[in-house]
Amino acid sequence: METANTVEASKITLSELMLPSHSNFSGKIHGGYLLKLMDQIAFACASKYSGCYCVTASVDTVDFLNPVDVGELVTLKASVNYVGNTSMIVGIRVTSEDIRTGIVKHCNSSYFTMVAKDDQGNNVKVPRLILSNMNEVRRFYDGINRINNKKKHKELEHNFDYKSKEALKNLENFNVVLSEKLL
């Protein structure tokens with residue numbers, strides 16, 4: 001019998017106060033530290049949803065929209081947006097709040113592809129995803145588009161002839177522009 005689970009059942013929230021030990025010399029939180037928190041919440045979300053140990057397969061587009069300062073409260077929210085056979089796309093939204101003023105900033109959003117594993121490290125089938133509203137349907141189809149775009153990009157990268165006249169001409173043009181900028 002095939003199992004299924006809801007998006008709601010996958011949701012996780014993590015909040016952490018940003019300390020000086022998480023910052024760079026300008027008092028801003030290291031992007032790597034935020035990525036670590038994002039990976040942790042993606043793992044927790046996917047594991048909670050699937051009931052299995054999960055590993056990170058890929059991370060899609062992490063754009064740091066606003067810096068996070070020491071003393072701000074960072075909140076990460078995650079949910080499973082899409083499921084395949086053994087993989088899940090976890091959507092993550094990161095915000096920071098100045099606890100003195102109450103001002104909240106959107107810091108970034110990202111998508112982690114997680115794969116469920118058994119005790120021997122083999123991929124495990126994950127429960128089907130029950131979509132309960134149009135926002136969940138939109139996110140599911142965004143996941144399908146994300147996967148298709150990744151496949152197209154891989155195919156283009158694989159088939160691109162770096163020695164073609166077109167590629168060499170593009171490299172030549174790039175070098176001219178670069179030279180002009182350096183002067």
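Contact here means that heavy atoms lie within 4.5 Å, and it is in this sense that the buried residues of helix α2 pack against strands β4, β5 and β7 (128-130). The structure is a predicted model, and the description below moves from the sheet to the helices and then to single residues.

## The sheet

Five strands form an open sheet in the order β2-β4-β5-β6-β3, and their pairing is antiparallel. At its edges stand β2 (12-17) and β3 (53-60), each of which pairs on one side only, while the twist from one strand to the next averages 30°. Strands of a sheet pair through backbone hydrogen bonds, either parallel or antiparallel.

Strand β5, which covers residues 87-97, is joined to the antiparallel strand β6 (residues 104-117) by eleven bridges, and ten bridges join β4 to β5, again in antiparallel fashion. Within the first of these pairings, T95 has H106 of β6 as its bridge partner, and R93 stands opposite S109 in β6; in the second, V83 stands opposite M88 in β5. The connection from β4 to β5 is a hairpin through three residues, whereas the hairpin of β5 and β6 has six residues between the strands, with G102 taking a positive phi near 80°. How much of β5 is covered? Eight of its eleven residues are buried, and the strand is mostly covered.

## The helices

Helix α1 (residues 31-50) lies across β2, β3, β4 (73-83), β5 and β6, and runs at about 45° to β4. Helix α2 (residues 134-159) lies across β3, β4, β5 and β6, at about 80° to β4. For α2 the length can be checked: at 1.5 Å a residue its 26 residues should span 38 Å, and the end C-alpha atoms are 37 Å apart, which agrees. The N-terminal end of α2 is capped by N133, a side-chain oxygen of which lies 3.0 Å from the backbone nitrogen of N135. Within α2, the residues E136, F140 and G143 are buried.

## S50 in helix α1

S50 is found in α1 and has a relative accessible area of 13%, so this serine counts as buried, the cut-off being under 20%. Its side chain makes two contacts with backbone atoms, reaching the oxygen of A46 at 2.9 Å and the nitrogen of C52 at 3.2 Å. Leaving aside residues up to four places away in sequence, S50 touches M88, A116, V126 and P127; of these, M88 is the residue of β5 that stands opposite V83.

## The cysteines

Why does the structure hold zero disulfides? A disulfide is a covalent bond between the sulfur atoms of two cysteines, and the cut-off applied to a pair of cysteine sulfur atoms is within 2.5 Å. For C54 and C107, the distances to the closest cysteine sulfur are set out below.

| Cysteine | Closest cysteine sulfur | Relative accessible area |
|---|---|---|
| C54 | C52, 6.3 Å | 3% |
| C107 | C45, 19 Å | 1% |

The sulfur of C54 is therefore too far from that of C52 for a bond, and the sulfur of C107 is likewise too far from that of C45. Both residues are nevertheless enclosed by the protein in the sense of the accessibility cut-off, since C54 is buried and C107 counts as buried.

Note on methods
Residues are numbered from 1 along each chain as its sequence is written. This is a predicted model: local features need pLDDT of at least 70, side-chain atom pairs count only at pLDDT 80 or more; totals for chains, interfaces and linings use all residues. Side-chain values use heavy atoms; hydrogens and water are left out. Two strands pair if DSSP finds at least two bridges between them. Helices (H or I, at least four residues) and strands (E, at least two) are DSSP runs, numbered from the N terminus. Axes are lines fitted to C-alpha atoms, for helices over the stretch in contact, and angles run from 0 to 180 degrees between N-to-C directions. The expected span of a helix is 1.5 Å times one less than its number of residues. Buried means under 20% relative accessible area, exposed over 50%, partly exposed in between (1.4 Å probe, protein chains only). A polar contact is a pair of N or O atoms within 3.5 Å; within protein, one must be able to donate a hydrogen and the other to accept it, and residues adjacent in sequence count only if both atoms are side-chain atoms.
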